[in-house]
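Subject: Structure for you to look at

Dear colleague,

Please find below the structure I said I would pass on. My notes come after it.

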Amino acid sequence: MASYFVAHSASLDGVHAVHDRTRCPPACFPRNATEYLGEYRSASQAVTVARLVYATARACICCDPLRLYAPPAATTPLRS
Ligand SMILES: [Zn+2]
């Protein structure tokens, strides 16, 4: 079980990041602008709960090793 927090303010792309407190690097974790979500077994559970409040909640790309719920990588159109 890990402690999860969700960011109050959305990032520029509208995502509310869900952080695993023990895994998230200090430089990435927003210390004063998060709400405690609770103890969960996985980031996916925490994101599900966070989405009850923030529809755009996704796991933080810094602390979710699997990045299952991280925003997809930006893609650029392939040139033909
Ligand atoms: Zn994080």
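The notes below cover the strands, then the metal site, then the disulfide.

Please keep in mind that this is a predicted model.

Strands

Strand 1 covers residues 2-7, and five of its six residues are buried. Strand 1 has pairing partners in strand 2 and strand 3. With strand 3 (residues 34-40) the pairing is antiparallel and runs over six bridges; within it, Val6 sits opposite Glu35. With strand 2 (residues 16-20) the sense is again antiparallel, and three bridges join the two. Here Tyr4 has Asp20 as its bridge partner.

Zinc site

Strand 2 also contributes to the zinc site, through His19. The zinc ion has these protein donors: ND1 of His19 and the SG atoms of Cys24, Cys60 and Cys63, at 2.1 to 2.6 Å. The angles among the four donor atoms run from 97 to 134°, and the site is tetrahedral. Along the sequence, the donor residues follow the spacing H-x4-C-x35-C-x2-C. The pair His19 and Cys63 links distant parts of the chain: His19 belongs to strand 2, while Cys63 is in the segment after strand 4 (57-59), 44 residues away.

As for accessibility, three of these donors can be described. The cut-off for buried is under 20% relative accessible area. His19 has 2% relative accessibility, so it counts as buried. Cys63 is at 5% and is therefore buried. Cys24, also a zinc donor, is buried too, with 5% relative accessibility.

Disulfide

How many disulfides does a search of the whole structure find? The search gives one. The bond is between Cys28 and Cys62, with an S to S distance of 2.4 Å. The link is right-handed, with 85° about the S-S bond. Because Cys28 lies in the loop between strand 2 and strand 3 and Cys62 in the segment after strand 4, the pair ties together parts 34 residues apart in sequence.

Are the two cysteines of this bond buried or partly exposed? Cys28 has a relative accessible area of 23% and is partly exposed. Cys62 is at 39% relative accessibility, which also makes it partly exposed.

To put the two sites side by side: the segment after strand 4 holds the zinc donor Cys63, and the disulfide partner Cys62 lies in that segment as well. Cys63 is buried, whereas Cys62 is partly exposed.

Regards

Technical notes: Residues are numbered from 1 along each chain as its sequence is written. This is a predicted model: local features need pLDDT of at least 70, side-chain atom pairs count only at pLDDT 80 or more; totals for chains, interfaces and linings use all residues. Side-chain values use heavy atoms; hydrogens and water are left out. Buried means under 20% relative accessible area, exposed over 50%, partly exposed in between (1.4 Å probe, protein chains only). Helices (H or I, at least four residues) and strands (E, at least two) are DSSP runs, numbered from the N terminus. Two strands pair if DSSP finds at least two bridges between them. Donors are N, O and S atoms within 2.8 Å of the metal (3.2 Å for Na, K and Ca); water is not among the atoms, so sites may look incomplete. Four donors count as tetrahedral if all angles lie between 85 and 135 degrees; four count as square planar and six as octahedral if opposite donors are over 155 degrees apart and all others between 65 and 115; anything else is irregular. A disulfide is a pair of cysteine sulfur atoms within 2.5 Å.
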